[in-house]
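Subject: Structure handover

Hello,

Here is the structure you are picking up. My notes on the ligand site and the aromatic pairs follow below it.

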Amino acid sequence: MMTDIAANIAAVNERIDAAARRAGRDPATVQLVAVSKRVEAERLVEAVAAGQRLFGENYLQEAEAKIARLRELLSDGESGPGPRAAGRSEIRWHFIGHLQSNKARAATGGFAMVETVDRLKLATALDRHASAAGRVLPVLVQVNVGGEARKAGVAPEAAPDLLRAMAELPALRVMGLMTMPPMAADPEQSRPHFARLRELAEECSRLGLLGVDEPPLLSMGMSADFEVAVEEGANLVRVGTSIFGPR
Ligand SMILES: *Cc1c(COP(=O)(O)O)cnc(C)c1O
């Protein structure tokens, strides 16, 4: 029997594929980040069993405990190689929450990517810790496309300068841009913000600040508006509620 989580993941993936095809895009260029904040590791096992491998977390302490717990759960039972062991080794985590510079070290441990770099101080701290750990950390620059006073993210106008400065940090690899537009009742209200992020990425590419090795990634779209985001070019959609239910 399909669990709710498995059915929800299948439904979200179908909607992503349909949105990509509507926009003439290859659905394989869009990855689903299952946002698992405040969702227990026990329930994530169901998502892994349904084939989900990429998860997004907002809070470092919660994430560290959960990453360890999920690893434990997936290695329980029959030992030896099997689907569970395979799932465990392929699971990747993106950090998508607000990050303080003094917590940068923790974020360079268990995470495959940090999507929320919005200032040089944080970038410098991440670079230092990634370097000390002997790794290169993929990151996205978070942009405040809506210009909201209380929201994280660099202003679109200031993004090129931040990217220019980050190019000097050898242990960071800037893969693209991320945004969270203003909350809106109608997903169409997000469209101009998603388009703005795409145009900004294109502009930064022309300036040689992004996408030098491969096309820049765009992380945009959540439960309420991920189809619109895919139509506007999203490569990563961050979906929580539509998979795990209300928090
Ligand atoms: C919580 C969160 C999401 C997921 O939001 P839903 O509406 O539950 O899909 C996506 N991105 C970020 C940055 C979040 O904090």
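One convention before the counts: Ala, Val, Leu, Ile, Met, Phe, Trp, Tyr, Cys and Pro count as nonpolar, Asp, Glu, Lys and Arg as charged, and the others, Gly among them, as polar. On that basis, the shell around the ligand splits into 6 nonpolar, 4 polar and 3 charged residues. Please keep in mind that this is a predicted model.

Ligand site

The ligand has 13 residues around it. Those that come nearest are K37, N58, S223, G240 and T241.

Three side chains bring a polar atom to a ligand oxygen. For K37, the distance is 2.7 Å. For S223, it is 2.5 Å. For T241, a polar side-chain atom also sits 2.5 Å from an oxygen atom of the ligand. How much of the ligand does the protein bury? On its own, the ligand exposes 390 Å², and the protein buries 90% of that. The ligand takes up the space of the largest pocket.

Aromatic pairs

There are 2 aromatic pairs in the structure. One of them is formed by F55 and W93. Their ring centres are 5.4 Å apart. The planes meet at 35°, so the pair counts as tilted: stacked would need under 30 degrees, and edge-to-face over 60.

Where do the two residues sit? F55 is in strand β2 (residues 54-57) and W93 is in strand β3 (residues 92-95). The pair therefore ties together parts that are 38 residues apart in sequence.

Best wishes

Note on methods:
Residues numbered from 1 in each chain as written. Predicted model: local features only at pLDDT ≥ 70, side-chain atom pairs only at ≥ 80, totals over all residues. Heavy atoms only, no water. Near = heavy atom within 4 Å. Polar contact = N/O pair within 3.5 Å; in protein donor to acceptor, adjacent residues only side chain to side chain. Areas by Shrake-Rupley, 256 points an atom, 1.4 Å probe, with all protein chains shown as cover. 1 Å grid on protein atoms, 1.4 Å probe; cavity = no way out; pocket = protein on both sides within 12 Å on 5 of 7 lines; lining within 4 Å. Sits in = over half its atoms within 2 Å of the grid points. Phe/Tyr/Trp six-rings, centres within 6.5 Å; stacked < 30°, edge-to-face > 60°. Helix = DSSP H or I, 4+ residues; strand = E, 2+ residues; numbered from the N terminus.
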